[in-house]
Amino acid sequence: MTETTNKVKVSGRDVLWVAISYLGVLVIIPFGLKQRSDFIKHHLRQGLALLIAEIIFTFIFVFPIFGWIIGILGWFLCLIFSVIGFFAALAGKKWKLPLLSFLSKKINLD
């Protein structure tokens, strides 16, 4: 289900920035970086995709019964993906976000 690649050589500061990108709205903090490596861009895209999904599930949650079920399940999945991504980033690994990787690939950070 999850796909990790070999550990990438990154600085401790870069690891901190990519870990922050999985903490919901705090994903906006790494945007202040003037120079972004491919490692930072990869995790930043995924953090943005998770934030978009969280916002969508918040709007779905407004609808009674089925919206509540879908909203809670969606938020739970986003939480799990955020935790996995956070620890993969701390380990210096590139991790492919399941179910939302198509969205993260469309985000242009250049």
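Let's start with three rings: Tyr22, Phe81 and Trp95 form one aromatic cluster. Keep in mind as you look around that this is a predicted model. The mean pLDDT of the chain is 84, with 91% of its residues reaching 70 or more. Among the elements, helix H3, residues 66-90, has the highest mean pLDDT, at 93, while strand S1, residues 3-7, has the lowest, at 54.

Back to those rings. Tyr22, Phe81 and Trp95 also turn up in the largest nonpolar core, where they are among the residues with the most contacts inside it, along with Val18, Leu50, Leu97 and Leu100. That core has 17 residues. Which elements give two or more residues to it? They are helix H1 (12-20), helix H2 (38-60) and H3. H2 provides the largest share, five residues. A good spot to look at is leucine 50: leaving aside residues up to four places away in sequence, Leu50 touches Tyr22, Cys78, Phe81, Ser82, Leu97 and Leu100. Apart from this core lies another one, made of six residues, including Val27, Leu44, Leu51 and Leu109.

Now follow helix H2 towards that second group. Leucine 48 lies in H2, and it counts as buried because its relative accessibility is 14%, under the 20% cut-off. Beyond its sequence neighbours up to four places away, Leu48 touches Val27, Phe31, Ile107 and Leu109. The pairing with leucine 109 is worth a look: the two are 61 residues apart in sequence, yet their C-alpha atoms are 11 Å apart in space.

Lysine 41 is in H2 too. Is this lysine buried or exposed? Lys41 is buried, because its relative accessible area is 16% and the cut-off is 20%. Its contacts, again not counting residues up to four places away in sequence, are Arg36, Leu109 and Asp110. So Leu109 is touched by Lys41 and by Leu48.

Next, helix H1. Its buried residues are Asp14, Val15, Trp17, Val18, Ala19 and Ile20, and these pack against H2 and H3. How do H1 and H3 sit relative to each other? Their axes come within 8 Å and cross at roughly 175°. An angle over 145 degrees counts as roughly antiparallel, so that is how H1 and H3 run relative to each other. Where the two helices meet, Val15, Val18 and Ala19 come from H1, and Phe86, Ala89 and Leu90 come from H3. In general, residues three or four places apart in an α-helix point the same way, because there are 3.6 residues a turn.

Phe86 brings us back to aromatic rings. By the rule used here, the count comes to three aromatic pairs. One of them joins phenylalanine 86 and phenylalanine 87 edge-to-face, with 5.4 Å from centre to centre and 90° between the planes. What about their exposure? Phe86 is partly exposed because its relative accessible area is 21%, between the cut-offs of 20% and 50%. Phe87, at 52%, is exposed because that value is over 50%.

Definitions and conventions: Residues numbered from 1 in each chain as written. Predicted model: local features only at pLDDT ≥ 70, side-chain atom pairs only at ≥ 80, totals over all residues. Heavy atoms only, no water. pLDDT = per-residue confidence, 0-100. Helix = DSSP H or I, 4+ residues; strand = E, 2+ residues; numbered from the N terminus. Core = buried A, V, L, I, M, F, W, Y, C linked by side-chain atoms within 4.5 Å. Buried < 20%, exposed > 50% of the residue type's maximum accessible area, 1.4 Å probe, protein only. Contact = heavy atoms within 4.5 Å. Phe/Tyr/Trp six-rings, centres within 6.5 Å; stacked < 30°, edge-to-face > 60°. Axes fitted to C-alpha atoms, helices over the stretch in contact; angles between N-to-C directions. Parallel < 35°, antiparallel > 145°, perpendicular 65-115°, else oblique.
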